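Trainee: Could you take me closely through one part of this model, the packing of its side chains around rings and helices? I should like the values together with the cut-offs behind them.

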Amino acid sequence: MSTESPDALLGPADIRELAAALGVRPTKQKGQNFVIDANTVRRIVRTAEVRFDDVVVEVGPGLGSLTLALLEAADRVTAVEIDDILAAALPATIEARMPQKKDHFALVHSDAMLVQELPGPAPTALVANLPYNVAVPVLLHMLERFPTIERTLVMVQAEVADRLAAKPGNKVYGVPSVKANWYAEVKRAGSIGRNVFWPAPNVDSGLVSLVRRAEPLATTASRREVFAVVDAAFAQRRKTLRAALAGWAGSPAAAEEALVKAGISPQARGESLTVEEFARIAEAKQS
């Protein structure tokens, strides 16, 4: 049970007041939609299974709604914020509303795609409300760069959530699905309505849970090699793998040879393959 006072979290009036004081108007260009509902951020923290000893990294904290809820539950929170005004204001918000946790908070003022290291102990969890236009690259970058992240929960546009969690054979299964699966077991973890955001977006949002694989995928191929096959297979997703992988392999015949060696039909399409099968194709080209 949290010992924090219930009003430590930000409500709709607090968010608007903070934004007005900072002269912040949420912009479509940055994909900014601030969560204004305390129950929603607490639900996200619960769904993320944040523990008292977790070191959580949050990308795009905005005005701090989710940050405060994470600080209630975790040992430490490191927030990565690209926006100059929001980054400058966040530490003061933490100090004003949760002073006892200010030393358990760190801010990295940067584009998340450029972050190569984080201050303090290694992160154990990633929890974030990601703008849809950068959600997949940011997620994959963080999982690749910080192997200590065991559990991830991201809030993204519903369509992106469906893509990330899709299984082979599903019509939205594609590059994000396979690459996320390289790192983790991925599943949909809930839906979020539009009215908990300011401004209310014109799309629904979804939660996606990613639990890192206990053991990395068993393959002699590198991540880059496997991802190159994935990118080639889905660049022309209507084509058979023999045709789609021709450029990657050097010719349709070379693609067919690698596929047969991997035990995969040259007539199959990328959307029917698991990440393990893509790894086998990458291995077959090596040998």
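**Ring contacts and helix packing**

Mentor: The charged end of Lys 285 is placed over the ring of Trp 248, at 4.8 Å from the ring centre; such a placement requires NZ of Lys or CZ of Arg within 6 Å of the ring centre and within 35 degrees of the ring normal. This is a predicted model, in which local features need pLDDT of at least 70 and side-chain atom pairs count only at pLDDT 80 or more, while totals for chains, interfaces and linings use all residues. Residues are numbered from 1 along each chain as its sequence is written, and side-chain values use heavy atoms, with hydrogens and water left out.

Trp 248 also appears among the contacts of Ala 282, together with Ala 221, Glu 225, Val 226 and Val 229, once neighbours within four places in sequence are set aside; contact means heavy atoms within 4.5 Å. Ala 282 belongs to helix 12, where helices (H or I, at least four residues) and strands (E, at least two) are DSSP runs numbered from the N terminus. Its relative accessible area is 4%, so Ala 282 is buried; buried means under 20%, exposed over 50% and partly exposed in between, with a 1.4 Å probe and protein chains only. From Ala 282 to Ala 232 the C-alpha distance is 11 Å, across 50 residues of sequence.

The aromatic pairs come next. Rings of Phe, Tyr and Trp (its six-membered ring) pair if their centres lie within 6.5 Å; planes under 30 degrees apart are stacked, over 60 edge-to-face, and the rest tilted. Five pairs meet this rule. Tyr 183 and Phe 227 make an edge-to-face pair, with 6.4 Å between centres and 85 degrees between planes. Because Tyr 183 lies in helix 7 and Phe 227 in helix 8 (residues 223–235), this pair ties together parts 44 residues apart in sequence. Both Tyr 183 and Phe 227 are buried. Phe 234 and Phe 278 make a tilted pair, 5.9 Å centre to centre with 45 degrees between the planes. Phe 234 is in helix 8 and Phe 278 in helix 12 (residues 275–286), so that distant parts of the chain, 44 residues apart, are linked. Phe 234 and Phe 278 are both buried, and with Tyr 173 they form one aromatic cluster.

Helix 7 (175–183) is in turn one of the elements against which the buried residues of helix 5 pack; the others are strand 2 (55–59), strand 5 (125–129), strand 6 (151–157), helix 6 (158–165) and strand 9 (205–212). Helix 5 (residues 135–145) has eight of its 11 residues buried, including Val 138, Leu 139, His 141 and Met 142.

A further buried side chain is found in a loop. Lys 101 lies between helix 4 (84–97) and strand 4 (105–109), and it counts as buried because its relative accessibility is 14%. A polar atom of the Lys 101 side chain lies 3.2 Å from the backbone oxygen of Ala 74.

Note on methods: Polar contact = N/O pair within 3.5 Å; in protein donor to acceptor, adjacent residues only side chain to side chain.
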